[in-house]
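Reader: I've got the coordinates open and I'd like to go through the labels one by one. Can you walk me through the reasoning behind them?

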Amino acid sequence: MLRFWRATINTRNGLAFAIRSEAAIREELIALALALPLAFLVGSTAMRRVELIAVVVLVLVVELLNTAIEKLADRLTTEHDPQIGRVKDMGSAAVGVALVMAGLFWLFALAERIGMV
């Protein structure tokens, strides 16, 4: 039980730091807050609503991982390093792919709701 409690505290600390230090995290939390009620308007089934919310949460998870990679890379060196730059670019690409995926999920759900599919 103590291990679970410590993990919970670490999670809270990590989220609090990410929220304070990263605008992208704050923006994605706003997107999640908007997605929660919108999923009930757009999603035609309970499962579709869960999918719409889950894909936004996935974007947040990928952004948290990207932020961790960037913070670690910046801690290793503040000098320009092409390899670290590529690693950061890959983290950013992961966020971009997750955002495209989320957008496609939401577009499909909207099309489904208005009867286009």
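Reader: Where does UniProt place the feature "binding site" that comes from an unreviewed entry?

Author: One such record names Glu22 and Glu70. Keep in mind that what you're looking at is a predicted model.

Reader: What makes you say that Glu22 and Glu70 gather at one spot?

Author: The two span 49 residues in sequence, yet no two of their C-alpha atoms are more than 10.9 Å apart, so they do gather. Glu22 sits in the loop between helix H1 (2-21) and helix H2 (23-42), while Glu70 belongs to helix H3.

Reader: Is Glu22 buried or exposed, and how do you know?

Author: The cut-off for buried is under 20% relative accessible area. Glu22 comes out at 16%, so it counts as buried. For Glu70 the value is 24%, which makes it partly exposed.

Reader: How do you know what Glu22 touches?

Author: Contact means heavy atoms within 4.5 Å. Not counting residues up to four places away in sequence, Glu22 touches Thr67 and Lys71.

Reader: Why is the pair of Lys71 and Glu22 called a salt bridge?

Author: The test asks for a side-chain nitrogen of Lys or Arg within 4 Å of a carboxyl oxygen of Asp or Glu. The closest N and O atoms of Lys71 and Glu22 are 3.2 Å apart, and the pair passes. Lys71 lies in helix H3 and Glu22 in the loop between H1 and H2, so this bridge ties together parts that are 49 residues apart in sequence. As for cover, Lys71 has 33% relative accessibility and counts as partly exposed.

Reader: How many salt bridges does a search of the whole structure find?

Author: It finds 4. One of them joins Lys88 and Asp74, at 2.4 Å from N to O. Lys88 is in helix H4 and Asp74 in helix H3, so that pair ties together parts 14 residues apart in sequence. Both ends are partly exposed: Lys88 has 23% relative accessibility, and Asp74 has 38%.

Reader: What about Arg48 and Glu51, and what separates them along helix H3?

Author: Their side chains meet in a salt bridge, again 2.4 Å from N to O. Arg48 and Glu51 are 3 residues apart in helix H3, so about one helical turn separates them. Arg48 is buried at 17%, whereas Glu51 is partly exposed at 23%. There's a network here too, with Arg48, Glu51 and Glu112 linked by salt bridges.

Reader: Which residues does the other "binding site" annotation cover?

Author: That annotation, also from an unreviewed UniProt entry, covers Ala24, Ile25, Arg26, Glu27, Glu28, Arg49, Glu63 and Ser92. They span 69 residues in sequence, and the farthest two C-alpha atoms are 26.9 Å apart, so they do not all gather at one spot.

Reader: Why is Glu63 called buried, and Arg49 partly exposed?

Author: Glu63 has 6% relative accessibility, so it counts as buried. Arg49 has 24%, so it's partly exposed. Both are in helix H3, with Arg49 placed there and Glu63 as well. Leaving aside neighbours within four places in sequence, Glu63 is in contact with Ala24, Ile25, Glu28 and Val95. On that basis Arg49 contacts Ala39, Phe40, Gly43 and Ser44.

Reader: How do you know that Glu28 has no salt bridge?

Author: The nearest side chain of opposite charge, Arg26, is 11 Å away, and a bridge needs an N and O pair within 4 Å. Glu28 is buried all the same. Glu28 lies in helix H2, and its contacts beyond four places in sequence are Val59, Leu60, Glu63 and Val95.

Reader: What makes up the nonpolar patch on the surface?

Author: Val57, Leu58, Val61, Leu65, Met101 and Phe105 form it, with about 450 Å² of accessible area together. Patch members need over 30% relative accessible area. Take Met101, in helix H4: with 32%, it is partly exposed. H3 and helix H4 (82-113) each supply at least two residues, and H3 gives the most, with 4.

Conventions
Residues numbered from 1 in each chain as written. Predicted model: local features only at pLDDT ≥ 70, side-chain atom pairs only at ≥ 80, totals over all residues. Heavy atoms only, no water. UniProt positions renumbered as here; feature names shortened; annotations may be inferred. Buried < 20%, exposed > 50% of the residue type's maximum accessible area, 1.4 Å probe, protein only. Patch = residues over 30% accessible without salt bridge, like charges linked within 9 Å, V, L, I, M, F, W, Y side chains within 5 Å. Areas by Shrake-Rupley, 256 points an atom, 1.4 Å probe, with all protein chains shown as cover. Lys, Arg positive; Asp, Glu negative; His and termini not counted.
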